[in-house]
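The report below looks at how two chains meet, how they are related, and at a few local features of the backbone and the cysteines.

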There are 2 protein chains.
Amino acid sequence: MSHHYGQDAVASLEAGAVEVIPPDGLRAKLGIASRENRPLIVKLGFDPTAPDLHLGHAVVLKKLRDFQRRGHQIVVIIGEFTARIGDPTGKNKARPPLSREQVAENASTYLRQLSLILDVDRLAVRSNAEWFDTLTVRDMIDLLAQFTVAQIMEREDFSRRYREGVPISLHELVYPLLQGYDSYVIESDVELGGMDQLLNCLVGRHVQEAKGVPAQAVVCMRLLRGTDGQDKMSKSVGNYVGLTDSPIDMYGKLMSIPDELLPEYIDLTTDLSLEEREALKARLGQGAENPMAIKKAVAFDVVCQYHSEHAAEAAAEHFYRQVQKKEPAAEDYVQVTLGTLSLPKPPVTLVDLGAAIARRSKSEIRRLIHDGAVSVNGERVDDAGYTFESVQPGTKVRIGKRGYYEIIAG
Amino acid sequence: MSHHYGQDAVASLEAGAVEVIPPDGLRAKLGIASRENRPLIVKLGFDPTAPDLHLGHAVVLKKLRDFQRRGHQIVVIIGEFTARIGDPTGKNKARPPLSREQVAENASTYLRQLSLILDVDRLAVRSNAEWFDTLTVRDMIDLLAQFTVAQIMEREDFSRRYREGVPISLHELVYPLLQGYDSYVIESDVELGGMDQLLNCLVGRHVQEAKGVPAQAVVCMRLLRGTDGQDKMSKSVGNYVGLTDSPIDMYGKLMSIPDELLPEYIDLTTDLSLEEREALKARLGQGAENPMAIKKAVAFDVVCQYHSEHAAEAAAEHFYRQVQKKEPAAEDYVQVTLGTLSLPKPPVTLVDLGAAIARRSKSEIRRLIHDGAVSVNGERVDDAGYTFESVQPGTKVRIGKRGYYEIIAG
């Protein structure tokens, strides 16, 4: 493959970025790549304690794909050194020390997920243990000396904890510097991240400057909010759509997002063209249409990306039938054998049948019918006097929110 | 030599200490030494960038001498590793990186000075480069993880700088931990320091606890204020009496201290017995006596310790003649050859002679006589009409504050 690496790509590569530091940094790097006829080295860090990717990660990964498609070199850095240490105090249960084998396993899980977006055969993969296992304490002190306490503590997470008296272990201050040192070692030209990674990416620039080598350009992408519409998408908050979620889960989670998230989901999660995205957003803006139709378009597109069009159609169908129409799936039905029920002689009232199969009192069944929470063969029954001439096998009765019963013969 | 290392020594070893941590820590360590019939390991750290010792250091060193005389093992740790790094930012001019040779030279200067107080042949001397040159980054991160930012920042110097926005480099936070790690490596039982070293000594305890070994007892001594009576004695402030100052300088600096410092100088700088010290302080308290006599006793005792009784006598004599009596030293006289002076025929007035030798106007000489600033052969002359029948070689004339002249033949 032959590439030009030219500055003409700058607008497209910066599309969707919230911050480029320095503002002309990416343009300058592309200029160098073009003059030297070499690809840019674009850094992607990976924390092996968290191998599961979600749509929030995908925002950055898709931007990396733009670089990769133009021939630039993505270098994935496996944070093995730090993952093997874990949290030495043992206080952070989310960071147990990992063995070499666990790191390798998580890295392979990660690469498999990356392959949903990137061409993994063209990635360079390096472990930071390569350089940190042999770094001396002296090198480390030189590195620490390049930063002041105030610079590191200005990070929102640290300053908040310090203010609130929540202990910060000293080694936590060091980890961002190690990430920054990675940029120096791999001679990173560009580091991409979410806006929450901005300070980490800038540490990389600072280390490179201190070492007297060219500093990387930093491109920070907008953060995708999670399905709850509150915090940024994250596994620990539980508001995430995993890249390996099943088509049905993925579709369902996307359908559950608050309407006001739609514009950012249209932009950050779909693979639609700019024109298609603008058209969708325009439809939203007019307010005439039920946003659910637009949500479905987003969900469909996302499932297509990570699974297939076929899977997306099936997921859409499932959603329509079982969420919109509230039809339970076959496996949700409790099968009740007709002969085992103690029923009065026919005709049998719905109250009698319901009390027998749900093992509830007749007055409860009457109240549920009154509340509209009972249906027969998918049709809600409002009449507490509803009566069966005879109860046929195959009859489906819903009683209350989750009580699905199917009468079977016997 | 056979020793008992017993707990009966605890009162004497704690005498003069401001803090012992934990309160029964030294007693417990002496109990262990006695049971195991082994000397205690007593740590003494040395920063090779500052090899000059003064009376402030001597307070701690004399306490170490008490331990040494009871057979305990003093381990001197040369802070070579950190001295060779210096200040990697280059901003702290007081901490340039030192070469191996410079460290060795400063260490030998230091040991020579230690020999004024301790038996240096019985010291164990170790360089911290021995363990830090091979420490891994992983070990270092484990060490850092044992401390929180708040613990280290509570040190007065750090918290003040942080509050005032004076940059603190991250590596500065690490240096106290390295000192603490020294305690772990040498299996320190006791660390001594001035009160300004209390937090550093406690870091040593903390590291030992984190490593699962017994924590050292910490004994902190009172800080000696400098000769200005303001700050603690320190070379950088310039208010110090160096252990290698000449007898005359030492005596003179001690005579210059404010009277209110006498009680602490009696206790912390002299080698007098408890009874003698109390007697001196009692004489002070009565207020009947000029404190200068007591200051002389202190100065005499100190010069005896670091030089000799003979040197102390000479220093006292010098002080009496040249400071109290304001007699200049021989080398302070400007020799004036009689034949070179243009003088009127005898008898010669003091005004004429003074004007000729000091190259000043007669009216100036008259004013100086009036001000009491002129003397002949050590006797002040108040009479502006004072006249010499003839000017004899050997005559000494003082004109003004610093104009000492001796007439010589020729």
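## The interface between the chains

In this predicted model, the area buried between chain B and chain A is about 2,900 Å², and carbon and sulfur atoms give 77% of that area. The contact draws 33 residues from chain B and 32 residues from chain A. On the side of chain B that touches chain A, the elements that give two or more residues are α4 (80-85), α7 (137-145), α8 (149-153) and α10 (170-185) of chain B.

As for polar interactions across this contact, the count of salt bridges between chain B and chain A is zero, whereas four residue pairs, both members at pLDDT 80 or more, are in polar contact.

## Relation of the two copies

Chain B is superposed on chain A, with an RMSD of 0.6 Å, by a rotation of 178° that carries a shift of 0.3 Å along its axis. That is the relation of a two-fold axis. The same surface serves both copies, in that 97% of the contact residues of chain B recur in chain A.

## Cysteines

Why does the structure hold zero disulfides over all chains, if one takes A:C201 and B:C201 as examples? The sulfur of A:C201 has its closest cysteine sulfur in A:C220, at 4.7 Å, which is too far for a bond, given that a disulfide needs the two sulfur atoms within 2.5 Å. In chain B, the sulfur of B:C201 is likewise 4.7 Å from the closest cysteine sulfur, that of B:C220, and this too is too far for a bond.

Both of these residues lie away from the surface by the accessibility criterion: A:C201 is buried, with a relative accessible area of 1%, and B:C201 counts as buried at 1% relative accessibility.

## Backbone features

A cis peptide bond, with omega near -5°, leads from A:P346 to A:P347, and A:P347 sits in the loop between β7 (334-337) and β8 (348-349) of chain A. In chain B, the peptide bond from B:P346 to B:P347 is also cis, with omega near -5°, and B:P347 is placed in the loop between β7 (334-337) and β8 (348-349) of that chain.

Two residues of chain A that are not glycines have a positive phi, namely A:N37 at about 45° and A:E187 at about 55°. A:N37 belongs to the loop between α2 (25-36) and β2 (41-46) of chain A, and it is exposed, with a relative accessible area of 57%. A:E187 is found in the loop between α10 (170-185) and β5 (190-194) of chain A, and at 58% relative accessibility A:E187 likewise counts as exposed.

Technical notes:
Residues are numbered from 1 along each chain as its sequence is written. Chains are lettered from A and ligands numbered from 1 in the order in which they are written. This is a predicted model: local features need pLDDT of at least 70, side-chain atom pairs count only at pLDDT 80 or more; totals for chains, interfaces and linings use all residues. Side-chain values use heavy atoms; hydrogens and water are left out. Copies are superposed by least squares on the C-alpha atoms of residues with pLDDT of at least 70 in both. Contact means heavy atoms within 4.5 Å. Buried means under 20% relative accessible area, exposed over 50%, partly exposed in between (1.4 Å probe, protein chains only). Buried area is the accessible area (1.4 Å probe) that two parts lose on being put together, summed over both. A salt bridge is a side-chain nitrogen of Lys or Arg within 4 Å of a carboxyl oxygen of Asp or Glu. A polar contact is a pair of N or O atoms within 3.5 Å; within protein, one must be able to donate a hydrogen and the other to accept it, and residues adjacent in sequence count only if both atoms are side-chain atoms. Helices (H or I, at least four residues) and strands (E, at least two) are DSSP runs, numbered from the N terminus.
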